[in-house]
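User: I would like to learn how to read chain contacts and buried residues in a model. Could we go through it together?
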Amino acid sequence: MQGHLSLLLVIVPLIAAPVAAILPRGRWSWALALMVAAICAILAGVQLWAVVHDGVISYELGGWAPPWGIEYRIDAVNAMVAMIVAGIAAITLPYALLSAEKEIPEHQLPLFYSAFLLCFAGLLGITQTGDIFNLFVFLEISSLSSYALISLGQKRQALTSAYQYLIMGTLGATFFLIGVGLIYSQTGTLNMMDLALRLPEVSGLKTVHTGFAFIMIGFALKLALFPLHLWLPNAYTYAPTVITVFLAATATKVALYVILRVLFSVFPLDFVSATPTGDLFLLSGMAGVISASIYAIYQVDVKRLLAYSSVAQIGYMALGIGFASSLGVTATIIHLFNHALMKGALFMAVGAIIYRIGSCHMDNIQGLGRQMPWTFGAIVIGGLSLIGVPGTAGFISKWYLVLAAMEQQAWIVVAVILIGSLLAVVYIGKIIEVLYFRAATETHLAVKEAPMLLLAPTWVLVIANIYFGLNTELTVGIAQRAVQVLGVTPG
Amino acid sequence: MIDVFIDVILLAFLAITAVSIVRMTNLFAIIMLFGIFSFLSAAMFVVMDAVDVAFTEAAVGAGISTVLMLATIALTRDHHEKASVSHRPWLPLTVVIVTGAALVYGTLDIPGFGDPEAPAQMHVAPYYIERSVAETGVPNVVTAVLASYRGFDTLGEVIVVFTAGIAVMLLIGGRRRKSNAGSNEGDENDK
Amino acid sequence: MDFIIGHYNYWIAIFLMMTGFYTVISRGNLVKKIIGLNIFQVSVFLLYISMSTVKGGAAPIITEGVKLYSNPLPHVLILTAIVVGVATTALGLALVVRIKEAYGTIEEDEIHQQDHSL
Amino acid sequence: MTNNLILRVVSKSLIPLIIVFALYVQFHGDYGPGGGFQAGVIMSAAIILYALVFGLDAGEQVIPSTMLRILASLGVLIYAGVGVVTLFLGGNYLDYSVLGGTRVAGQHLGILLVELGVGMTVFSVMLIIFFAFAGRGRP
């Protein structure tokens, strides 16, 4: 029975997408999408509960036993990621109604929600599957739909950003495909559990090494890991607001999940530790945290600023992977969850400003904080969480990350984390300064607070930021559980 | 022996076509060459006993993709690639050489071409060949695997096609040019 | 010599992949980049199908009296990948058409110039 | 192009042949190369040929664009729906064995149906894409 639930999590949005495309009105498609997201959030919650209590769920698609058929295999790691994706979708969609109606022409809305559902289904399909080629197929579903969604942004740069992302994303996916092919040529299987069984015998072969490298590079591109992040700032800046919120909170998380899964569950531990993978992640993480944070400081468009900050945050997650210790990966998984909360809240709040004045350029938003106190409050709390102030979710991730670094006596990394946080103080401070301490232009004195339908979802995430900053039992518990099933440490 | 001969010749043609595509600047000619490239690879697939793949590649690569490319240059009216100023060849060349070297390194341990004892041929695949007729009643093993054993992948594939349809409709479909262009590019002028 | 014959297919496939890859990352014309991407992908298909070939094997359609077949699994994977490829191409080209309408050019340099002079 | 008599006559006689070939590929995929995907592409080629020779408007009259959109969705729904039916019949998702009296009969029926879904979606999406590209150039 639980298997069927895990399946429905992917199938429900997949079936709803073509229906949404042929509905005559945008609002009908929206209602359908909202309903689907709510159902999926419930299903994902039940699935997470079931996995934590009863252990791994395995489901044979088509009734064929793996490795001959495709298997859905859910443990604490992907159950948690699926929960993030479905939860964020369910929170984003109420927000989407007004925001999308403002930014997308009415006649395109049914297709827009159809593409949204496809992207959603694709991301869920990636997390649920236990078959590495099936993962590729769902990766492409989510990628293609996100290229289309990004291109719908209002400025013409949205088109070029979508094109750039399409090229980079397809190169990444093709690299992944090459890697899978090389691994297949030495193991004869595509099922991840089966690969984990068969790879130790062949792990000395050059083919396997190359295949591993290609899979990693492919997903590093999708993850926007420094220095392969070039597509991300443009895509996040010019996409319609709702899409930025959704992708920032989910797409990179799913890519990170795949990296964790391949690194720790599929390939044998001694194989990975014999390669320089850990060091590369550390280097890329450190460089990403510092340079992207500095870039963020110099941005004049708030959306773009937050996009660079996302690159920096991905750097923190890379650091945790780089340690390859239980504590490090725990920190990565906690941050994966918390970052979805904070970036979701921040992009939503910025979206509320865009909803009111049509821009989030620093010159245009001066003094708006006083006109829009609730939106401003959301930015402040989200920003504090991003910096990592105690009492917010961001603090928990940074705390575990610092612990992991100290355990390895990697003092440079500790310093990088602290510098990164200081830089975050600067760029968040810059937004707050412009929003609150500068005088509003006369045209902006009439700007009203954002509508309830935008504020409510934003504040759900803001409160989640505080809740998970105070009550760490849930996140840390699940993360530790996830690290166990990933098999980060031997035994 | 004749197999090897055809194989070598076809691959050589493929290489020549690919290099010409890189070097040429006339987009129309490039697209035609791409059609040829696609047909040659379809022929390669036939030589390597992948008839279904060859059929699809000929219909899709040489057919649909080429037609779409031609339609695009007809719409954009740009038939010539301009010489690039900002693109220096050295960085891309280095990236490509490193990537290619890594791949060649990876093939050093791969079993030789056509080796029936290769690991890829040993584990999952024989099951399909031995059991597909008994279990699905379909003699074309590719169809059996595609539609049944890995039927969920194929569902995903149909969704990918559907997604492309949605995406193209969103970008250039539905209304005529006037209403479409107005809603999107209009905002740019406000700035 | 056997080693070279046994790996000739792979190496040419890799060479083709790299010409495609090079076209994507070195050229500024948006249509040509898409063509490069297509060459890259088709060559990956060649790599997969080369892996599936069995010397003396027949196409995997079960027939009386035939014992040896080539491996059907990579064929299935590549069928899916071809479809994914054409979907990506269609989307990419649609984007190119829109970019031309918005910028009046499909050369990367000229697009950059226009965006920066704003 | 629309005034060329030879072209009109040749294509008029070719189009039915292409459609028959598409149907052959669709339903013979169990035994020879081919299947829903290839059939869909070939079938759409017949309509594309018609539109090229007799004009885009004539082509769009054969199958209006709303119809194409519905067909594309329907194809996906048929495929995914077969899976849902197998769920209700007590099997796993897309386990066609439960569809028929015997395991093989069920598999046969299931494969036939999903290939139909594939063909339908591929056919209509290819046309959607073609009409979108071709229609964009119209004044």
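**Reading interfaces and buried residues**

Analyst: Let us start with charges: between chain B and chain D, the rule finds zero salt bridges across the interface. A salt bridge here is a side-chain nitrogen of Lys or Arg within 4 Å of a carboxyl oxygen of Asp or Glu. Please keep in mind that this is a predicted model, where local features need pLDDT of at least 70, side-chain atom pairs count only at pLDDT 80 or more, and totals for chains, interfaces and linings use all residues. Residues are numbered from 1 along each chain as its sequence is written, chains are lettered from A and ligands numbered from 1 in the order in which they are written, and side-chain values use heavy atoms, with hydrogens and water left out.

User: How many residue pairs are in polar contact between chain B and chain D?

Analyst: A polar contact is a pair of N or O atoms within 3.5 Å; within protein, one must be able to donate a hydrogen and the other to accept it, and residues adjacent in sequence count only if both atoms are side-chain atoms. By that rule, chain B and chain D have seven such residue pairs, both residues at pLDDT 80 or more. Helices are DSSP runs of H or I with at least four residues, strands are E runs of at least two, and both are numbered from the N terminus. On the side of chain B that touches chain D, H8(B) gives the most, with 14 residues.

User: What area do chain B and chain D bury between them?

Analyst: Buried area is the accessible area (1.4 Å probe) that two parts lose on being put together, summed over both. For chain B and chain D this comes to about 3700 Å², with 73% of it on carbon and sulfur atoms. Contact means heavy atoms within 4.5 Å, and this one takes 40 residues from chain B and 41 residues from chain D.

User: What does the interface of chain B and chain C look like by the salt-bridge rule?

Analyst: Zero salt bridges are found there too, while 17 residue pairs are in polar contact, both at pLDDT 80 or more. Helix H3 (residues 51-76) of chain B gives the most to the side facing chain C, with 14 residues. The area buried between chain B and chain C is about 7800 Å², and carbon and sulfur atoms give 75% of that. In chain B, Val22(B), Phe113(B) and Leu171(B) lose the most area to chain C, together 9% of what that side buries.

User: Is Asn134(A) buried or exposed?

Analyst: Buried means under 20% relative accessible area, exposed over 50%, and partly exposed in between (1.4 Å probe, protein chains only). Asn134(A) counts as buried because its relative accessibility is 0%. Asn134(A) sits in helix H5 (residues 132-151) of chain A. Its side chain makes polar contacts with the side chains of Thr129(A), at 3.0 Å, and of Asp153(B), at 2.7 Å.

User: And which residues does Thr17(B) touch, leaving out those up to four places away in sequence?

Analyst: They are Leu33(B), Ile36(B), Phe37(B) and Leu40(B). Thr17(B) belongs to helix H1 (residues 2-23) of chain B and is buried, with a relative accessible area of 7%. A polar atom of the Thr17(B) side chain lies 2.6 Å from the backbone oxygen of Phe13(B).
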